[in-house]
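The exercises below are meant to be worked with the sequence and the model side by side. Try each task before reading its solution.

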Amino acid sequence: MDSITEELIQLAKSGDKKSLSIIINVYSEKLYGLSFKFMRNREDAEDVLQETFLKMINKINVFKGDSTLYSWLYRITVNTALEKLRKHHPSHFDVNLDKVDYNQHDEMPSFEIPYLEKKDLKDLDFRNELNVLLKKMNSKLRVIFILRDIEGNSVQDTAKILNLSETNVKVRLMRARMFLKENLTDYFRERIVS
Amino acid sequence: MKHVHTIEEMKLICQQFGEDIDSEICEEVKKSLENCPECRIHFDSIKKVVNIYKSHEQDSDIPNNLSNRIIKSLNLK
């Protein structure tokens, strides 16, 4: 990342192909990882990355340097992924997920998800289940879960990146965690009982 | 008999879900619910789920020649 100097950014702003290529070389793997987490498949993740860098080429001249170039590209990647998810799953975005239905969770399950060793996490069936659940989750919730719990952004930063209120981020995060917890509880319960 | 939570208890728990599971405020809530084994199970399970996914999502396989293909497709070569 140290190779991204102010001078290189200035050259990129002037359209220098070599500088733009260096930026792509430096950031493509990290941003691909981010994009894959949202899109859940290689083809879409790569499409998002390509669109992100196309936007960078077209807009880098207005990049003011208030944040790092990586943060700027990070936000473009998130927004590009959201645009694509919205196209793929318009129904996910029509649902209001910003209100908590307390009646929905009025009972606590007495089943606890077991502690897992590292080797358990390598089990292919289990990894597949984890992927299936993330794919099944509403895209609006998935984006929040990835940004907050996986990427480790604060609630405040997640809200800024997505242009949402902090309350909305918290409510959606709660829903995302509940979705995964409830489904994984069922998964383990079935295996332990059978 | 299943333990049924009051709306206020549930609201209190729900509000903390946006916080770090280990955050001070969340720890306080957990302490206040020490007499509720179901709540403990619930919190621990949520924490485990987040940790499971953190481990699971660490590495994604990077496609071969990713940068080169993008650079080429954007006519930068």
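**Exercise 1.** Determine what covers the buried residues of α3(A), and decide how those buried residues are arranged around the helix axis.

*Solution.* In this predicted model, the cover over the buried residues of α3(A) includes α2 and α4 of chain A, together with α4 (66–73) of chain B. The next step is to list what is being covered: the buried residues of α3(A) are A:A45, A:E46, A:V48, A:L49, A:T52, A:F53 and A:M56. Looking down the axis of α3(A), one finds these buried residues within an arc of 155 degrees, so they line one face of the helix. The face turned away from that buried side carries the exposed residues A:E43 and A:N58.

**Exercise 2.** Check whether the length of helix α3 of chain A agrees with its number of residues.

*Solution.* Helix α3 of chain A runs over residues 42–59, which gives 18 residues. At 1.5 Å a residue, a span of 26 Å is expected, and because the end C-alpha atoms lie 25 Å apart, the two values agree.

**Exercise 3.** Follow A:L49 from its contacts to the nonpolar core that it belongs to.

*Solution.* Setting aside neighbours within four places in sequence, A:L49 is in contact with A:S28, A:L31, A:Y32 and A:S35, and also with B:I70 of the other chain. A:L49 is a member of the largest nonpolar core, which holds 53 residues; those that touch the most other members are A:I23, A:I24, A:L49, A:I144, A:A176 and B:V49. Helix α2 (residues 17–39) of chain A gives the most to this core, contributing 11 residues. The core also draws at least three residues from each of domain 1 (6–88) and domain 2 (94–193) of chain A.

**Exercise 4.** Describe how domain 1 and domain 2 of chain A meet.

*Solution.* Begin with the bounds: the domain assignment of chain A gives domain 1 as 6–88 and domain 2 as 94–193. Taken over C-alpha atoms, the centres of the two domains are 27 Å apart. Seven residues of domain 1 are in contact with nine residues of domain 2. On the side of domain 1 that touches domain 2, the elements giving two or more residues are α2 and α4 (69–88) of chain A, and the largest share, four residues, comes from α4(A). Sorted by class, this side of domain 1 has four nonpolar, no polar and three charged residues.

**Exercise 5.** Locate A:R40 and B:N65, and work out whether each is buried, partly exposed or exposed.

*Solution.* A:R40 lies in the loop between α2 and α3 of chain A, and it has a positive phi of about 70 degrees although it is not a glycine. Most residues other than glycine have a negative phi. For A:R40 the count is 17 C-beta neighbours inside 10 Å, and therefore it is classed as partly exposed. B:N65 is found in the loop between α3 (37–56) and α4 of chain B, and B:N65, also not a glycine, has a positive phi of about 55 degrees. Because B:N65 has 10 C-beta neighbours inside 10 Å, it counts as exposed.

**Exercise 6.** State the helix and strand content of each chain, and the share of its residues that is buried.

*Solution.* Chain A has nine helices and zero strands, and 34% of its 194 residues are buried. Chain B has four helices and zero strands, and 26% of its 77 residues count as buried.

Notes
Residues are numbered from 1 along each chain as its sequence is written. Chains are lettered from A and ligands numbered from 1 in the order in which they are written. This is a predicted model: local features need pLDDT of at least 70, side-chain atom pairs count only at pLDDT 80 or more; totals for chains, interfaces and linings use all residues. A nonpolar core is a set of buried Ala, Val, Leu, Ile, Met, Phe, Trp, Tyr and Cys residues joined through C-beta atoms within 7 Å. A residue is buried if 20 or more other C-beta atoms lie within 10 Å of its own, exposed if 12 or fewer, and partly exposed in between; C-beta atoms are placed from the backbone. Domain bounds come from an automatic or database domain assignment. Two residues are in contact if their C-beta atoms, placed from the backbone, lie within 7 Å. Ala, Val, Leu, Ile, Met, Phe, Trp, Tyr, Cys and Pro count as nonpolar, Asp, Glu, Lys and Arg as charged, and the others, Gly among them, as polar. The expected span of a helix is 1.5 Å times one less than its number of residues. The arc is that of the directions from the helix axis to the C-beta atoms.
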